[in-house]
Amino acid sequence: LVTLASRRAAGEAAKSTKGWINKVFFPNIPLRMLVPKEALESPKEFTQVAFKTQPSVSKIQLKLYLEALYGVEVTNVNTKNFVGKKRRYRTRDAYYREPDYKKAWVTLGEPVTLSGGPAGVKKKPATQAGAKEQEAGA
């Protein structure tokens, strides 16, 4: 999080509308959290969370973004770049490539409780007996 006023030398006041004013710039970072399988089964606390983002995002940008936007303390960020997979069209004899991405593992200062997957999605029962038990319980 960078403000224009913080770039000025210490002690100088920010000018009014004609000069420097306090503006906050948030980077446009597409960020998707990868929910662990353990969190889908039951709510648990995690100190390390994984994210998927663009390869151009740096560790420092990711840390500042999470701290400014979500107010969490980030202690460490580890990243790894991945090359997109090569896929084949079903109807044509042609190939395409999925986009490259970066996976980031973020260590948080305090544990965060993660529960469930996307809203409204229920876990499918493994057997027909499980389906009957879910219907009886609902």
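A residue is called buried when its relative accessible area is under 20%, exposed when it is over 50%, and partly exposed in between. P55, with a relative accessible area of 36%, is therefore partly exposed. The legends below use these words for a predicted model.

**Figure 1. The whole chain has four helices and eight strands.**
Read from the N terminus, the order of the elements is β-α-β-β-α-β-α-β-β-β-β-α. The chain has 138 residues, and 16% of them are buried. About 10900 Å² of the chain is exposed, and carbon and sulfur atoms supply 51% of this area. Of the contacts between residues at least 6 apart in sequence, 54% join residues that are at least 24 apart.

**Figure 2. Twelve residues form the largest nonpolar core, which has 12 members including V49 and V106.**
The other members are I29, F51, V57, L62, Y65, L66, V74, V77, A104 and L108. Two or more residues of this core come from each of strand 4 (44–53), helix 3 (59–70), strand 5 (74–82) and strand 8 (101–114). Which residues does V49 contact, leaving aside its neighbours within four places in sequence? V49 is in contact with M33, A104, W105, V106 and L108. Among these partners, A104, V106 and L108 belong to the core as well.

**Figure 3. M33 takes part in a nonpolar patch on the surface.**
The patch is made by M33, V35 and L40 and covers about 240 Å². M33 lies in strand 3, which runs over residues 32–34. Is M33 buried or partly exposed? M33 counts as partly exposed because its relative accessibility is 34%. M33 also appears among the contacts of V49.

**Figure 4. K103 in strand 8 brings together residues from several places in the sequence.**
The relative accessibility of K103 is 24%, so K103 counts as partly exposed. Not counting residues up to four places away in sequence, K103 touches L34, A50, F51, N78, T79, K80 and F82. One of these, F51, is a member of the largest nonpolar core. K103 and M33 are 70 residues apart in sequence, yet their C-alpha atoms are 9.7 Å apart in space.

**Figure 5. F82 and Y101 form a stacked aromatic pair.**
A pair of aromatic rings is described by two values, the distance of the centres and the angle of the planes. The count of aromatic pairs comes to two. In the pair of F82 and Y101, the centres are 5.1 Å apart and the planes are 15 degrees apart. The pair links distant parts of the chain, with F82 in strand 5 and Y101 in strand 8, 19 residues apart. F82 counts as partly exposed because its relative accessibility is 24%. Y101 is also partly exposed, because its relative accessibility is 25%.

**Figure 6. Y89 and Y96 form a tilted aromatic pair.**
Here the rings are 4.9 Å apart centre to centre, with 40 degrees between the planes. Why is this pair called tilted? Planes under 30 degrees apart count as stacked and planes over 60 as edge-to-face, so the 40 degrees of Y89 and Y96 make the pair tilted. Y89 is partly exposed at 30% relative accessibility. Y96 is partly exposed too, with a relative accessible area of 34%.

**Figure 7. P55 sits in the loop between strand 4 and helix 3.**
Leaving aside neighbours within four places in sequence, P55 is in contact with N81, D100, Y101 and K102. Y101 is one of the two rings in the stacked pair with F82. P55 and F82 are 27 residues apart in sequence and 8.2 Å apart in space, C-alpha to C-alpha.

**Figure 8. The whole structure has two salt bridges.**
In one, the side chains of R87 and E98 meet, with 3.0 Å from N to O. This pair links distant parts of the chain: R87 is in strand 6 (residues 86–88), and E98 is in the loop between strand 7 (95–97) and strand 8, 11 residues apart. R87 is partly exposed at 34% relative accessibility, and E98 is partly exposed with a relative accessible area of 29%. Which residue forms a salt bridge with D100? R97 does, and the closest N and O atoms of R97 and D100 are 2.9 Å apart. D100 counts as partly exposed because its relative accessibility is 34%. D100 is also among the contacts of P55.

Terms used: Residues are numbered from 1 along each chain as its sequence is written. This is a predicted model: local features need pLDDT of at least 70, side-chain atom pairs count only at pLDDT 80 or more; totals for chains, interfaces and linings use all residues. Side-chain values use heavy atoms; hydrogens and water are left out. Buried means under 20% relative accessible area, exposed over 50%, partly exposed in between (1.4 Å probe, protein chains only). Contact means heavy atoms within 4.5 Å. Accessible areas come from the Shrake-Rupley method with a 1.4 Å probe; for residues, only the protein chains shown count as cover. A nonpolar core is a set of buried Ala, Val, Leu, Ile, Met, Phe, Trp, Tyr and Cys residues joined through side-chain atoms within 4.5 Å. Patches are made of residues with over 30% relative accessible area and no salt bridge: like charges are joined within 9 Å, nonpolar side chains (Val, Leu, Ile, Met, Phe, Trp, Tyr) within 5 Å. A salt bridge is a side-chain nitrogen of Lys or Arg within 4 Å of a carboxyl oxygen of Asp or Glu. Rings of Phe, Tyr and Trp (its six-membered ring) pair if their centres lie within 6.5 Å; planes under 30 degrees apart count as stacked, over 60 as edge-to-face and the rest as tilted.
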